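This briefing addresses two topics: salt bridges and the nonpolar core. Please consult the sequence and structure shown here alongside the text.

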Amino acid sequence: MTGQKIVTPSAESLASSAMAAAKEGKRGAPPVHLWNPPFCGDIDMRIARDGTWFYMGTPIGREGLVKLFASIIRRDGDDFFLVTPVEKVGIIVDDAPFVAIDFDRVGNNLRFITNVGDSFDAGPDHPIRVVRDPKTGEPSPYVVVRTNLEALIDRKSFYRLVDLGEEDLIDDVIWFGVRSGGVFFPIIPAAELV
């Protein structure tokens, strides 16, 4: 025996570590990309496609707790983790960890807001992409929130984006899309518009 205490990860231990890190840190998102704690296993936490967070099968009803967990999420490859300076645990994300619930036009930019209160302008650092289901053609639009983490753009916001759409030529193909931050983001080839 080494005398090392084995700790089973829990939502409470994660919240406690995240709050301690937030108190020591400065304003802004915690620097989870700089933290390299040991992997402590998976925790029974899941983010549904609609942005609802679940712990042990039950929705997390405390908005402040969801925002705290959202501030320490990280994606490594195809896997999602909650990371603090002292522990790293795996969680399940059904689609994207965030949902873009609204946006406003601010000058020439599209400023998005997520279900956890993140706000940012689409542009080179926050690109928009649209994935189409190969069978149905149904679009799933996303926007990057922060490094390697996206928000699914909700249906009402996507319809509003389409209303702002314009055409542009990309690689000899005319695309329909939107512009923000000086960048054109293609949605669908213009020839496929009905």
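**Salt bridges and core**

The structure holds 15 salt bridges, a salt bridge being a side-chain nitrogen of Lys or Arg within 4 Å of a carboxyl oxygen of Asp or Glu. This is a predicted model, in which local features need pLDDT of at least 70 and side-chain atom pairs count only at pLDDT 80 or more, while totals for chains, interfaces and linings use all residues. Residues are numbered from 1 along each chain as its sequence is written, and side-chain values use heavy atoms, without hydrogens and water.

**Salt bridges**

- Arg49 and Asp95 join through their side chains at 2.8 Å, N to O. Arg49 lies in the loop between β1 (39–47) and β2 (53–55) and Asp95 in the loop between β6 (88–93) and β7 (98–106), so this pair links parts 46 residues apart in sequence.
- Arg132 bridges to Glu192, with the closest N and O atoms 2.6 Å apart. Arg132 belongs to strand β10 (residues 128–132) and Glu192 to the segment after β15 (183–189), so parts 60 residues apart in sequence are tied together.
- Arg74, Asp76 and Lys88 form one network through salt bridges that share partners.

**Nonpolar core**

- The largest nonpolar core (buried Ala, Val, Leu, Ile, Met, Phe, Trp, Tyr and Cys residues joined through side-chain atoms within 4.5 Å; buried means under 20% relative accessible area, with a 1.4 Å probe and protein chains only) has 47 residues. Among those touching the most other members are Trp53, Ile73 and Phe112.
- Helix α2 (residues 63–70) contributes the most to this core, with five residues; helices are DSSP runs of H or I of at least four residues, strands runs of E of at least two, numbered from the N terminus.
- Beyond its neighbours within four places in sequence, Ile73 has contacts (heavy atoms within 4.5 Å) that include Trp53, Leu82 and Arg146.

Methods:
Buried means under 20% relative accessible area, exposed over 50%, partly exposed in between (1.4 Å probe, protein chains only).
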